[in-house]
Every structure is written in C-alpha cells, then in structure tokens.
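Please take a moment to look over the structure shown below, and then follow the paragraphs after it, which begin with one pair of side chains and widen step by step to the whole chain.

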Amino acid sequence: MSTPTTKRLRSGVRVSAEPSGASYFGERIEDGPGESGARPDLGKMETQILLAAIALFAERGFENCSMRAIAEASGLKAPTLYNYYPSKEAVLIEAMSFGMDDFFNFVLDGIEQLPRAGQLFEIVRRHASYKMRRRIISRANDRLIDTQFSRIFLPEDVAAKFDQQLKHYRHRVQDLISDFISADDPIAPKIITLAILTQCDRLAYWYEPDGSLSAEAIIDQLNILTRRLLGL
C-alpha cells in the first residue's frame, strides 16, 4: 500500500503528509520560489504562508477559506498568522503578487540583454520551462489570476493592477511577434500571441516528468511550432 501524500487537519485543510509543504488537490506544491528568486525580501515562513494561501484560495475559493485554515496549512497558530498579515484579503493580495512576480521574474529577467531577434524564442523557452517545473503552483495561480475572480474579491485598483501586468506581458510578446509578421499576413499578431502563450500555459496540465517527452524535447517542439506560426 502506498504512503498517502496528504493528510487532513481539523479544519479540513489538506496538507502534505511530509513535515512541511502545501498541497493543491492532493499534489504537493513545489518547494520555494522560482529559480529567479523573485522575492528575496520574503523569509521562509512568509513564503510558506503564501504558497499555502495560493493553494487554499484556488482549491476552496476565497469565501470558503479562513485565516485559521491558512495558518494550519502553514504550520502556524491562527493568532500568529496575524503577525504577518492583518486580514484574509491582505493574504490574498500578497499571494497573488507573489505568484505573478515569481513567474514574470523567471521569464523576463535579463531578457532585454539578448538580441531582439532572439528574445521571443527565449521567452517561449522560459515560459514553458516554468510551467513544467512548477506545474502544481501554476495550476493554482491560474485560478487566482482569472479576471472574474479578481474583480469579485479584490479592491478595484488592485484588480486593475494585476490585470495590467498580464496585459503588459501579452503586449510585450505580441510586439516581438510583430517583428516577424508582415502587414498583409492573414493571421493577426494577437492571434499568434494567444496561440503560443496558451500552448505554454497548458503544459502545467498535461506535462508529466516521467512521460514520453522530456522537458527539453517539448521546448524544442514549441519553438518549432512558434517558427511555423511565424512563417519561418
């Protein structure tokens, strides 16, 4: 009989059966932030709280997730959690910011130092790599950054800020794609951008480390697909 990967706490929260670590729908979230070190200002406990919060908000929804549940999933007592964050809304905002910073820093760090002609392909490589290496937290993040979720549970200015970050990234990729597309091309740069980014995002859902395709092979094929979409 296999050893269970998760256990339930009194509040009903599912956490990793290992000494530490949050889980999302029974799968343990990858340890630590992305390789870029997006938030060096955060200590180990704050990182642990935010990873647990991302998982719980995505799995249960904002309304059904309490500060006590977040505390338990982080290995804390509820009163201790308030030493870090004053409210559930504050935890949500910081958790979403953490997730987005982790992704964007990993993908875009130092990208402008590369020749412009190679920036698009490097972004595709990094985007795909992040989604495969951190596929569990990526799935949870996808639920939180949904526009409808943000508009319901976040202050208007905060929701607008997060939405602008996502749009800025898409527009940046689209601008690079436009370098390869002629004005009379039958497919608009926006459509090609959405197609490429969607394929990268979906890796968090179907890629398996023990599958028939290695991460390197998938990245190579995505870049081939990208070149074909660009008519290269």
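R68 and E72 are four residues apart in helix α2 (residues 67–73), which means that about one helical turn separates them. In this model, which is predicted, R68 forms a salt bridge with E72, and the closest N and O atoms of the pair are 3.5 Å apart. R68 itself counts as partly exposed, because its relative accessibility is 49%.

Other salt bridges reach across the sequence, and a search of the whole structure finds eleven salt bridges. The side chains of E112 and R172 meet in one of them, at 3.1 Å from N to O. This pair links distant parts of the chain, since E112 sits in the loop between α4 and α5 whereas R172 belongs to helix α8 (residues 156–178), 60 residues apart. E112 is exposed, with a relative accessible area of 61%.

D179 also forms a salt bridge, with R116 as its partner, and here the closest N and O atoms are 2.5 Å apart. Because D179 lies in the loop between α8 and α9 while R116 lies in helix α5, this pair ties together parts that are 63 residues apart in sequence. Both partners are partly exposed, D179 with a relative accessible area of 45% and R116 with one of 39%. Salt bridges that share partners join R116, D175 and D179 into one network.

From these charged pairs we can turn to the interior. The largest nonpolar core has 69 residues, and those that touch the most other members are F57, I70, L92, I123, M132, Y169 and I177. Helix α4 (residues 88–108) gives the most to this core, contributing eleven residues. If residues up to four places away in sequence are not counted, I70 touches I49, A53, L56, F57, C65, L81 and V91. One of these contacts, C65, is buried, because its relative accessibility is 2% and the cut-off for buried is under 20%.

Not every buried residue is nonpolar, as a serine shows. S129 is found in helix α5 (residues 116–133), and with a relative accessible area of 4% it is buried. Leaving aside neighbours within four places in sequence, S129 is in contact with F106 and I219. Helix α6 (residues 135–144) takes this further, for eight of its ten residues are buried, so this helix is largely enclosed by the rest of the structure. The buried residues of α6 are R135, I136, I137, S138, R139, A140, N141 and L144.

Nonpolar side chains can be found at the surface as well. I187, I191 and L194 make a nonpolar surface patch of about 250 Å². L194 lies in helix α9 (residues 189–206) and counts as partly exposed, because its relative accessibility is 37%.

How many disulfides does the structure hold? It holds zero disulfides, a disulfide being a covalent bond between the sulfur atoms of two cysteines. Cysteine C200, for its part, is buried, with a relative accessible area of 1%.

Finally, the chain can be viewed as a whole. The protein chain has ten helices and four strands, and read along the sequence it follows the pattern β-β-β-β-α-α-α-α-α-α-α-α-α-α. Of its 232 residues, 44% are buried, while the chain exposes about 12,400 Å², of which carbon and sulfur atoms supply 50%. Among contacts with a separation of 6 or more, 66% are between residues 24 or more positions apart.

Conventions: Residues are numbered from 1 along each chain as its sequence is written. This is a predicted model: local features need pLDDT of at least 70, side-chain atom pairs count only at pLDDT 80 or more; totals for chains, interfaces and linings use all residues. Side-chain values use heavy atoms; hydrogens and water are left out. A disulfide is a pair of cysteine sulfur atoms within 2.5 Å. Buried means under 20% relative accessible area, exposed over 50%, partly exposed in between (1.4 Å probe, protein chains only). Patches are made of residues with over 30% relative accessible area and no salt bridge: like charges are joined within 9 Å, nonpolar side chains (Val, Leu, Ile, Met, Phe, Trp, Tyr) within 5 Å. Accessible areas come from the Shrake-Rupley method with a 1.4 Å probe; for residues, only the protein chains shown count as cover. A salt bridge is a side-chain nitrogen of Lys or Arg within 4 Å of a carboxyl oxygen of Asp or Glu. Helices (H or I, at least four residues) and strands (E, at least two) are DSSP runs, numbered from the N terminus. A nonpolar core is a set of buried Ala, Val, Leu, Ile, Met, Phe, Trp, Tyr and Cys residues joined through side-chain atoms within 4.5 Å. Contact means heavy atoms within 4.5 Å.
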